[in-house]
There are 2 protein chains.
Amino acid sequence: MELQEAKDKFIHTWGTLATQWGINRTMAQIHALLLLSPKAMNADEIMNDLQISRGNVNMNLRDLMDWGLIYKQLLAGERKEYFAAEKDIWKVARQIAKERRRREIEPIIEAMEDLKTSVKPDSVEKKEFLKIVEDISKVTTIADSTMTSIIKSEENWLINNLLNVFKK
Amino acid sequence: MELQEAKDKFIHTWGTLATQWGINRTMAQIHALLLLSPKAMNADEIMNDLQISRGNVNMNLRDLMDWGLIYKQLLAGERKEYFAAEKDIWKVARQIAKERRRREIEPIIEAMEDLKTSVKPDSVEKKEFLKIVEDISKVTTIADSTMTSIIKSEENWLINNLLNVFKK
DNA sequence: AAATACTTTCAGAAAATTTTGAAAATTCAA
DNA sequence: TTGAATTTTCAAAATTTTCTGAAAGTATTT
């Protein structure tokens with residue numbers, strides 16, 4: 001398979017996979033495009049490569065910056081804004097984990113805390129309800145702290161786990 | 001807050017959160033409803049409680065069974081099928097992690113392996129491309145084995161982590 | 001300060017996903 | 001069997017999400 005064909009396949013696949021886990025297809029494709037691009041790209045180049053509108057490119061570039069997956073680069077002598085993806089995959093993975101923790105796990109904990117404080121355990125049924133809320137809260141807090149410690153851990157975690165992978 | 005009000009809020013919140021991570025709102029709401037229900041429910045009861053169609057209930061019950069989050073219960077003397085949710089939240093969390101691993105992580109590894117075998121490293125550009133593919137493959141494999149070990153671990157993992165949480 | 005180059009916004013259009021409900025299929029009892 | 005009860009399917013409708021493109025906004029140069 002030739003390079004451009006492989007890149008296209010990568011971008012296409014990445015977009016399809018992303019939709020499955022609730023991420024916008026175009027956002028994922030722009031990310032993939034920048035990840036594979038040796039140099040930073042501007043909005044026109046992205047529009048052209050992916051055949052999408054300026055508004056769409058702009059909006060998704062902003063979202064990708066919110067996710068901490070791409071950076072704006074101002075090139076000397078250029079008026080246009082250029083964008084480059086973080087290429088260190090370990091950093092990318094940590095960033096994704098961090099954002100998903102913030103967007104998926106934290107809201108659960110908040111919602112459960114909210115219910116806990118607003119329901120008083122003055123009947124058997126309410127106690128049963130609160131038990132479930134409390135259990136979800138606990139398990140989610142554990143998931144949260146597990147993710148946090150993974151995110152905070154540095155390269156050695158990667159190396160340790162690589163060893164584990166090859167041991168198996 | 002009274003019990004029914006709290007249950008409704010729980011169901012509503014659970015549904016809203018679910019859409020954020022790419023899970024069907026109704027599926028999450030049915031799951032929440034069964035999680036809070038002291039007894040197994042049939043399709044008519046669910047239709048009535050959530051005000052949704054029979055087709056919708058049927059389809060989402062099937063999906064929830066695929067996810068391993070609810071069970072079918074055949075009640076003696078009853079023609080209708082009854083459904084009950086797994087109430088052990090630790091099991092629920094493990095089941096969700098297991099399914100997400102299968103649906104989100106495994107396909108990435110497959111796609112990367114596929115690209116690795118179909119691109120030959122006969123140019124600098126192709127080598128750079130393969131480096132990215134390889135890195136994603138590695139990091140994803142690590143995430144995979146991490147999730148697998150958490151899923152396989154038993155209650156003591158939960159207890160250990162609870163201790164960690166409280167230590168902090 | 002006017003013109004130019006570029007970015008952002010957002011209402012409406014298009015696309016994708018979810019839901020409905022009635023018909024078909026299945027199950028079970030008589 | 002037959003028929004009543006229940007479940008499943010799926011085309012069309014409703015809803016939600018995403019995308020477009022032109023207008024408005026910003027920044028930079030002359």
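A salt bridge is taken here as a side-chain nitrogen of Lys or Arg within 4 Å of a carboxyl oxygen of Asp or Glu. In this predicted model, A:Arg54 meets that criterion with A:Asp44, the closest N and O atoms of the pair being 3.0 Å apart. Because A:Arg54 lies in helix α4 of chain A and A:Asp44 in helix α3 (residues 43-50) of chain A, the pair ties together parts that are 10 residues apart in sequence. Over all chains, the count of salt bridges by this rule comes to 30.

Chain A also contains an open sheet of 3 strands, arranged in the order β1-β3-β2 with antiparallel pairing. The edges of this sheet are formed by β1 (41-42) and β2 (70-74) of chain A, each of which pairs on one side only. Between β2(A) and strand β3 (residues 81-85) of chain A, the antiparallel pairing extends over 5 bridges, and A:Ile70 is placed opposite A:Ala85 of β3(A). Helix α2 (residues 25-36) of chain A lies across β1, β2 and β3 of chain A, and runs at about 85 degrees to β3(A).

The contacts with DNA strand D involve residues of both chain A and chain B, for among the 14 residues that surround the strand the closest are A:Thr26, A:Ser53, B:Asn58, B:Arg62 and B:Glu81. Of the strand D atoms that lie within 4 Å of the protein, 68% belong to sugar or phosphate, while the rest belong to bases. Three side chains can be described at the level of phosphate oxygens of DNA strand D: a polar side-chain atom of B:Asn58 lies 2.4 Å from such an oxygen, a polar side-chain atom of B:Arg62 lies 3.1 Å from one, and an N or O atom in the side chain of A:Asn24 is found at 3.2 Å from one. The elements that give two or more residues to the surface near DNA strand D are α4 (54-66) of chain A and α4 (54-66) of chain B. Of the elements contributing to this surface, α4(B) gives the most, with 4 residues. When the residues of the surface near DNA strand D are sorted by class, 7 are polar, 6 are charged and 1 is nonpolar.

How values were computed: Residues are numbered from 1 along each chain as its sequence is written. Chains are lettered from A and ligands numbered from 1 in the order in which they are written. This is a predicted model: local features need pLDDT of at least 70, side-chain atom pairs count only at pLDDT 80 or more; totals for chains, interfaces and linings use all residues. Side-chain values use heavy atoms; hydrogens and water are left out. A residue is near a molecule or strand if one of its heavy atoms lies within 4 Å of it. A polar contact is a pair of N or O atoms within 3.5 Å; within protein, one must be able to donate a hydrogen and the other to accept it, and residues adjacent in sequence count only if both atoms are side-chain atoms. Ala, Val, Leu, Ile, Met, Phe, Trp, Tyr, Cys and Pro count as nonpolar, Asp, Glu, Lys and Arg as charged, and the others, Gly among them, as polar. Two strands pair if DSSP finds at least two bridges between them. Contact means heavy atoms within 4.5 Å. Axes are lines fitted to C-alpha atoms, for helices over the stretch in contact, and angles run from 0 to 180 degrees between N-to-C directions.
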